[in-house]
Amino acid sequence: MPTASRCGWSWRGYVSLTEHLNDGIIKNYDDAGCKRATGASDRGAAPRTFSIAAWIGVTLLATAVFVLGGCAQKGDPVSVDDPDEPSGYRVVAIFGVAGYGEGVDVVGDMGLVATGEVGLVILDMSDPSAPVYLGTAGNDFTSLKCAYAPGSEMAFVTDGPNGVLAYDVSDPTSPEWKTVLQSTSGQDVVISETDPGHMIHIYVADKNGGFRIWELNLDWGPPWFPIEVYHGYTTGYARGLCLHGDYVLVASGQSGLTIFELTSPGTATKLGTFDTPGNAQAVAAFGDYAFVADGLQGLQILNISDPGDAEIVATIETDDYATDICYLDGMVYVADRYGGLRVMNVDDPLAPAAAGYLETPCASGICITDDYVYVADRDWGLVIAEEE
Ligand SMILES: [Ca+2]
């Protein structure tokens, strides 16, 4: 079962890990009130040593995001909804993380949160109302998205210019670095356990590096040597991706949706690129339809029944900037930055309808399970919510 998670960029002061351990769950309440987390200025410095490269990366990141207008400029939830209308979703728990909540993946009891400059935080999610901190897997640059491979007990996390880092998390309290999939700028990662415990294929959205597939044979190591088996460029920045049957859909920034066909394990052919009005950040799919988180242009729904000739069939606005997306059972769940969580009913993909929301300060990544919605929020960390 492929897993995926998606997120974006940010810059903010660090939370000390000690504070995090002592005060990991900063809120745990039953209503959907939007109490703010402790302000960044109240937080101490992270007690870990950063490489010079990491500091250069952080400085560049801070500069870039302040220029572009990141969450540091503005933190209060945006709402254009009628306050008398119930949002339909309520917070079950919030887990504050060191760094920023950028991306999330939850599979069974395993919870992974990509936290920007601090790396990958590992949580025990066996009780979603009370997540338990297990460990942190460090990085050098910026972790935006993450994915768990349950059959191999491996975690993968993007790390900017490093590409994608691979950790053995069979002991989640002590994640063990195994290898790195070197690429240009790891943005999103999706895993396919071709033979769990033995062979994993890793699909990477690599910004200006396009779309890449790696093959990791766990029987060949240690040391492991991941092999890049496919590399296809996209016109725009590859920001997010999803596997959909024999196809890989890549959200390609300003150029829209790029569709690749998997011709055999690890090999692909580019079928075409189909522009969307906005800046495609992430994509999910079901049946004949692709659901694109299209930045300021909200949710774009494309008919991909002819994947060589996809076309937009419906659009629905979001409050802010659609940056990550998941599909489950006729609903799509969008991380909408200042717009928080936005839920749309897409049972009829030609007539999508708003179906609920939850205000969070800066929703960046999203993951859905049967019972809970997990939102990686740059301000709050990990938000666990459920339908009311
Ligand atoms: Ca576009």
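Q: Before we get to the hairpins, what counts as a strand pair here?
A: Two strands pair if DSSP finds at least two bridges between them. Strands themselves are DSSP runs of E with at least two residues, helices are runs of H or I with at least four residues, and both are numbered from the N terminus.

Q: And what sort of model is it?
A: This is a predicted model, where local features need pLDDT of at least 70, side-chain atom pairs count only at pLDDT 80 or more, and totals for chains, interfaces and linings use all residues. Residues are numbered from 1 along each chain as its sequence is written.

Q: OK, how many helices and strands are in the protein?
A: The protein has two helices and 30 strands.

Q: Let's look at strand 17. Which residues is it, and is it mostly covered or exposed?
A: Strand 17 spans residues 247-251 and is mostly covered, with four of its five residues buried. Buried means that 20 or more other C-beta atoms lie within 10 Å of the residue's own; exposed means 12 or fewer, partly exposed is in between, and the C-beta atoms are placed from the backbone.

Q: What does strand 17 pair with on the strand 16 side?
A: Strand 16 (residues 240-244) pairs with strand 17 in the antiparallel sense over five bridges. One bridge to look at is Leu243 with Val248 in strand 17. The hairpin of these two strands has two residues between them, and Gly245 takes a positive phi near 60° there.

Q: And how is strand 17 joined to strand 18?
A: Five bridges again, with strand 18 (residues 257-264) running antiparallel to strand 17. Val250 sits opposite Thr258 in strand 18. This hairpin has five residues between the strands, and here Gly253 has the positive phi, near 55°.

Q: What sheet do these strands make?
A: An open sheet of four strands in the order 16-17-18-19, with antiparallel pairing. Strand 16 and strand 19 (267-274) each have a single partner strand, so one side of each is left without a neighbour in the sheet. From one strand to the next, the twist averages 20°, where the axes are lines fitted to C-alpha atoms (for helices over the stretch in contact) and angles run from 0 to 180 degrees between N-to-C directions.

Q: How many bridges hold strand 18 and strand 19 together?
A: Seven, in the antiparallel sense. Ser264 stands opposite Thr267 in strand 19.

Q: Switching topic: which residues have the most contacts inside the largest nonpolar core?
A: Val283, Phe291 and Ile325, in a core of 110 residues. A nonpolar core is a set of buried Ala, Val, Leu, Ile, Met, Phe, Trp, Tyr and Cys residues joined through C-beta atoms within 7 Å. The largest share of this core, six residues, comes from strand 3 (residues 89-95).

Q: What does Val283 touch?
A: Leaving out residues up to four places away in sequence, its contacts include Leu241, Leu249, Ala251, Phe291 and Ile325. A contact means two C-beta atoms, placed from the backbone, within 7 Å.

Q: What about strand 20, buried or exposed?
A: Strand 20 (residues 282-286) is mostly covered, with four of its five residues buried. Strand 20 pairs antiparallel with strand 21 (residues 289-293) over five bridges, and the bridge partner of Phe286 is Tyr289. Their hairpin has two residues between the strands, with Gly287 in the turn at a positive phi of about 55°.
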